[in-house]
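Here's a walk through the side-chain chemistry of one chain, starting with its rings and moving on to its charges and its surface. Have the structure open in your viewer as you read.

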Amino acid sequence: MMETKKHNTNKGQKLNVQPLRTQTDIETAKFFLSKNKMGKRDLLLFLFGINTGLRASDIVVRKVGEFRNTKKPYIVEEKTHKRRKLNLSNLAEQIDEYIADKSDDDWLFPSYKDRSKHLTVNGVYRMFEVLGKQMGRDDLGTHTMRKTFGYHYYKRTHDIATLMEIFNHSSQQITKRYIGITEDEIDNSLDHFSIGI
């Protein structure tokens with residue numbers, strides 16, 4: 001397993017955060033997250049993240065009313081201040097069931113300790129730290145959801161240009177490196193490469 005480096009920040013955010021590359025890993029993550037004290041919230045947050053590619057900071061601040069009676073809401077991204085349309089058709093059933101008994105002013109992902117506040121990015125980070133231990137991995141973090149979305153979007157579509165646009169990256173190489181594709185391609189190219197053997 002790769003060694004993980006950390007920033008010198010309070011959050012201790014990992015530099016080597018990886019996507020969940022297999023369906024088995026995704027199902028394992030779903031299983032563990034659903035067993036948390038706030039399993040329904042954590043599972044939906046995870047599904048929301050891997051199906052939208054949003055940053056954790058854009059996920060935790062969502063209100064229930066934004067998703068009532070619409071499968072394609074608009075949001076404004078915190079970091080870029082860009083307006084973005086989400087396509088939640090694939091998650092509509094799970095979202096509708098989750099918000100059925102909530103009011104429009106409720107946080108979609110409330111804090112465990114104080115429901116009048118939303119889950120923080122640090123809270124999401126801690127959630128992934130625990131998940132990493134449960135899965136025997138040291139490369140999970142808040143960006144795992146975004147990278148998982150990007151990785152699988154690229155693997156299914158091979159449309160790096162659109163993915164670059166979704167992520168608001170300045171080059172396709174940055175996007176490929178971010179989602180771990182460059183690393184995979186290098187590794188695959190060396191599988192049958194040998195000299196003097």
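Let's start with the aromatics: the count comes to eight aromatic pairs, where rings of Phe, Tyr and Trp (its six-membered ring) pair if their centres lie within 6.5 Å, with planes under 30 degrees apart counted as stacked, over 60 as edge-to-face and the rest as tilted. Take Phe48 and Phe109: their ring centres are 6.0 Å apart and their planes meet at 70°, so this pair is edge-to-face. The pair links distant parts of the chain, 61 residues apart, with Phe48 in helix α2 (residues 39-52) and Phe109 in the loop between α4 (92-99) and α5 (121-135). Helices here are DSSP runs (H or I, at least four residues), strands are E runs of at least two, and both are numbered from the N terminus. Phe48 and Phe109 are both buried, buried being under 20% relative accessible area, exposed over 50%, and partly exposed in between (1.4 Å probe, protein chains only). Ring pairs also link Phe48 and Phe109 with Phe67 and Tyr98 into a cluster.

A quick word on ground rules: this is a predicted model, so local features need pLDDT of at least 70 and side-chain atom pairs count only at pLDDT 80 or more, while totals for chains, interfaces and linings use all residues. Residues are numbered from 1 along each chain as its sequence is written, and side-chain values use heavy atoms, with hydrogens and water left out.

Rings also turn up with charges over them (NZ of Lys or CZ of Arg within 6 Å of the ring centre and within 35 degrees of the ring normal). Lys63 has its charged end over the ring of Trp107, 4.3 Å from the centre. Over the face of Tyr178 you'll find Lys147, at 4.9 Å from the ring centre.

On to charge pairs. There are 10 salt bridges by the usual count here, each a side-chain nitrogen of Lys or Arg within 4 Å of a carboxyl oxygen of Asp or Glu. Three of them are tabulated, including relative accessible areas.

| Acid | Base | N to O distance |
|---|---|---|
| Asp42 (3%, buried) | Arg41 (8%, buried) | 2.7 Å |
| Glu77 (5%, buried) | Arg84 (15%, buried) | 3.3 Å |
| Glu185 (37%, partly exposed) | Lys176 (15%, buried) | 3.5 Å |

Elsewhere, salt bridges that share partners join Asp25, Arg137 and Asp139 into one network.

What does Asp42 touch, leaving out residues up to four places away in sequence? This residue of helix α2 is in contact (heavy atoms within 4.5 Å) with Leu33, Asn36 and Met127. Asp42 counts as buried because its relative accessible area is 3%.

Thr148 is another one to click on. It is in helix α6 (residues 143-157), and its 2% relative accessibility is why it counts as buried. With residues up to four places away in sequence set aside, Thr148 touches Pro19, Leu20, Ile26 and Ile50.

Leu33 comes up again with Gln134: the two are 101 residues apart in sequence, yet 9.9 Å apart in space, C-alpha to C-alpha. Gln134 belongs to helix α5 and is partly exposed, at 36% relative accessibility.

If you check backbone angles, have a look at two asparagines. Asn69 has phi near 60°, a positive value in a residue other than glycine. It lies in the loop between α3 (56-59) and β1 (74-76) and is exposed, at 77% relative accessibility. Asn168 has a positive phi near 60° too. Its place is the loop between α7 (160-167) and α8 (172-178), and at 34% relative accessibility it counts as partly exposed.

Last stop, the surface. Which residues make the nonpolar surface patch of about 450 Å²? They are Ile186, Leu190, Phe193 and Ile195. Patches are made of residues with over 30% relative accessible area and no salt bridge, with like charges joined within 9 Å and nonpolar side chains (Val, Leu, Ile, Met, Phe, Trp, Tyr) within 5 Å. The areas come from the Shrake-Rupley method with a 1.4 Å probe, and for residues only the protein chains shown count as cover. Within the patch, Phe193 is in the segment after α9 (181-190) and counts as exposed because its relative accessible area is 53%.
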